[in-house]
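Reader: Before we begin, may I ask how the terms used for a structure such as this one are justified?

Author: Certainly; each term will be set against its definition in turn.

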Amino acid sequence: MSKKIIVTGGAGYIGSHTVVELMLAGFEPVIIDDFRNSKPWIIDRIAELAGRYPLGHAIDCTNELEVLSVFRNYPDIFGVIHFAAYKAVGESVQKPTMYYQNNVGSMCAVLNAMKECGIENLVFSSSCTVYGEPETAEVTEATPVQKATSPYGDTKITCEKIIQFVKDSGQPLKATLLRYFNPIGAHPSARLGELPSGIPNNLVPYITQTAAGIRSQLTVYGNDYNTPDGTNVRDYIHVVDLAKAHVKATEWLLQQQGSVCEAFNLGTGKGSSVLEIIHNFEKVNGLKLNYAIGPRRAGDVEQIYAKPAKAEKMLNWKCEYTVAEALKHAWNWEKTL
Ligand code: WQD
């Protein structure tokens with residue numbers, strides 16, 4: 001049976017770590033990535049860690065004809081992992097059409113090419129943002145998907161709906177919707193990690209850039225929330241644990257008979273506040289971070305963390321790294337840049 005799998009956005013943060021784990025598990029990824037959110041030398045790092053170069057094509061995933069031409073290059077492709085998307089919540093509020101054109105446009109191009117080529121297996125990179133501001137902080141896959149608080153979150157909800165409707169249309173489709181919580185950290189080797197373009201939107205890269213002196217001070221967006229220390233709570237998951245979950249989801253799909261569309265929460269099951277992350281980072285890396293409390297950021301959810309029991313049971317997957325290890329790996333990576 002072929003081991004070739006398309007990985008759109010495979011040179012990105014989560015994509016590159018997933019490509020390494022896929023190759024170590026014996027799969028043969030075919031990366032589709034135009035490097036708008038990455039650098040070509042990331043492919044060399046993947047090869048260094050996996051022991052061989054992956055196949056790859058630098059094309060825009062919203063260009064359906066180009067996507068189809070790549071799929072047709074490899075008649076033995078058995079599936080697709082679709083990462084390619086913009087993911088900055090704040091930016092999506094400023095540039096909504098750019099987010100819909102790219103995130104939803106690439107989803108439609110991939111699904112159409114899959115239909116054309118008879119490819120049935122799809123792992124979709126979704127997000128806990130589909131839960132919006134949940135009634136309870138701990139969410140399961142049965143927690144209602146709510147009105148998104150940002151265009152980014154709405155593109156993820158929209159893509160999940162498109163996948164479900166495509167399956168219901170009768171197109172043979174076996175899909176997993178992987179709802180990430182907060183991916184952080186870097187490969188333990190410090191040879192792969194996050195490459196935020198411009199000013200980081202996310203907490204941990206902003207912390208590491210502050211520690212590196214690239215940013216002068218971290219602003220904590222509000223400490224007047226209804227949480228133990230007043231700052232927001234999130235479920236921070238090591239990027240390598242997340243990458244391994246994609247291999248497990250791919251293997252699970254290959255065992256399924258007939259069409260399926262299944263959502264999985266990918267988190268540690270534990271929440272950490274912003275101040276806890278800062279203090280944990282300082283402790284595990286032996287340094288002091290320059291931060292100050294500032295006003296709330298629009299669109300922030302007060303607290304959310306995963307109940308990962310379904311993925312642990314059905315995918316036979318469990319997080320192995322702690323938040324402290326992720327924060328150590330994040331700093332080790334930042335120091336190489
Ligand atoms: C975390 C906390 C901020 C920056 C992310 C991704 C989104 C999705 C879900 C995958 C919040 C606070 C941040 C800063 C701060 N992931 N913060 N100062 O908003 O949960 O969303 O995870 O799909 O794509 O964006 O993550 O890291 O931006 O914020 O105080 O300079 O850190 O207020 O409470 P968020 P984040």
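Reader: How many residues of each class, nonpolar, polar and charged, does the lining of the largest cavity have?

Author: The model is a predicted one. In it, the lining of the largest cavity has 5 nonpolar, 2 polar and 2 charged residues. The residues concerned are Gly185, Glu194, Pro196, Val204, Pro205, Thr208, Ala330, Trp333 and Glu334. Glu194 and Glu334 belong to this lining, and Glu counts as charged.

Reader: Which helices each supply at least two residues of that lining?

Author: They are helix 7 and helix 11, the latter spanning 323–334.

Reader: What makes this space a cavity, and how much space lies in it?

Author: A cavity is a set of points where a 1.4 Å probe fits but cannot get out, so the name refers to enclosure. About 70 Å³ of space lies in the largest cavity. With the threshold set at 30 Å³ or more, the count comes to 1 cavity.

Reader: Which residues line the second largest pocket, and why is that space called a pocket?

Author: A pocket is an open set with protein on both sides within 12 Å along at least five of seven lines, and therefore the word differs from cavity. The second largest pocket holds about 200 Å³ of space. Among the residues lining this pocket are Gly267, Lys270, Asn280, Glu312, Cys319 and Val323. By class, its lining divides into 4 nonpolar, 5 polar and 3 charged residues.

Reader: What makes the contact between Tyr152 and the ligand a polar contact?

Author: A polar side-chain atom of Tyr152 lies 2.6 Å from an oxygen atom of the ligand. The cut-off for a pair of N or O atoms is 3.5 Å, so this pair qualifies. For Asn232, an N or O atom of the side chain is 2.6 Å from a ligand oxygen atom. For Arg234, a polar side-chain atom is 2.7 Å from an oxygen atom of the ligand. The protein covers 94% of the 690 Å² of accessible area that the ligand has on its own.

Reader: Which element gives the largest share of the shell around the ligand?

Author: Strand 9 does, with 4 residues. Helix 7 (203–211) and strand 9 (218–221) are the elements that give two or more residues to this shell. By class, the shell has 10 nonpolar, 6 polar and 4 charged residues.

Reader: How do you know whether the radius of gyration of the protein chain agrees with that of a compact globule?

Author: A compact globule with 337 residues would have a radius of gyration near 20 Å; the protein chain has 19 Å, and therefore the two agree. The chain contains 11 helices and 15 strands.

Methods: Residues are numbered from 1 along each chain as its sequence is written. This is a predicted model: local features need pLDDT of at least 70, side-chain atom pairs count only at pLDDT 80 or more; totals for chains, interfaces and linings use all residues. Side-chain values use heavy atoms; hydrogens and water are left out. A polar contact is a pair of N or O atoms within 3.5 Å; within protein, one must be able to donate a hydrogen and the other to accept it, and residues adjacent in sequence count only if both atoms are side-chain atoms. Accessible areas come from the Shrake-Rupley method with a 1.4 Å probe; for residues, only the protein chains shown count as cover. On a 1 Å grid over the protein atoms alone, a cavity is a set of points where a 1.4 Å probe fits but cannot get out, and a pocket is an open set with protein on both sides within 12 Å along at least five of seven lines; lining residues have an atom within 4 Å of a point. Grid points are joined across faces, edges and corners, and a volume is the space filled by probe spheres set on the points. The radius of gyration is taken over C-alpha atoms; the globule rule is 2.2 Å times the number of residues to the power 0.38.
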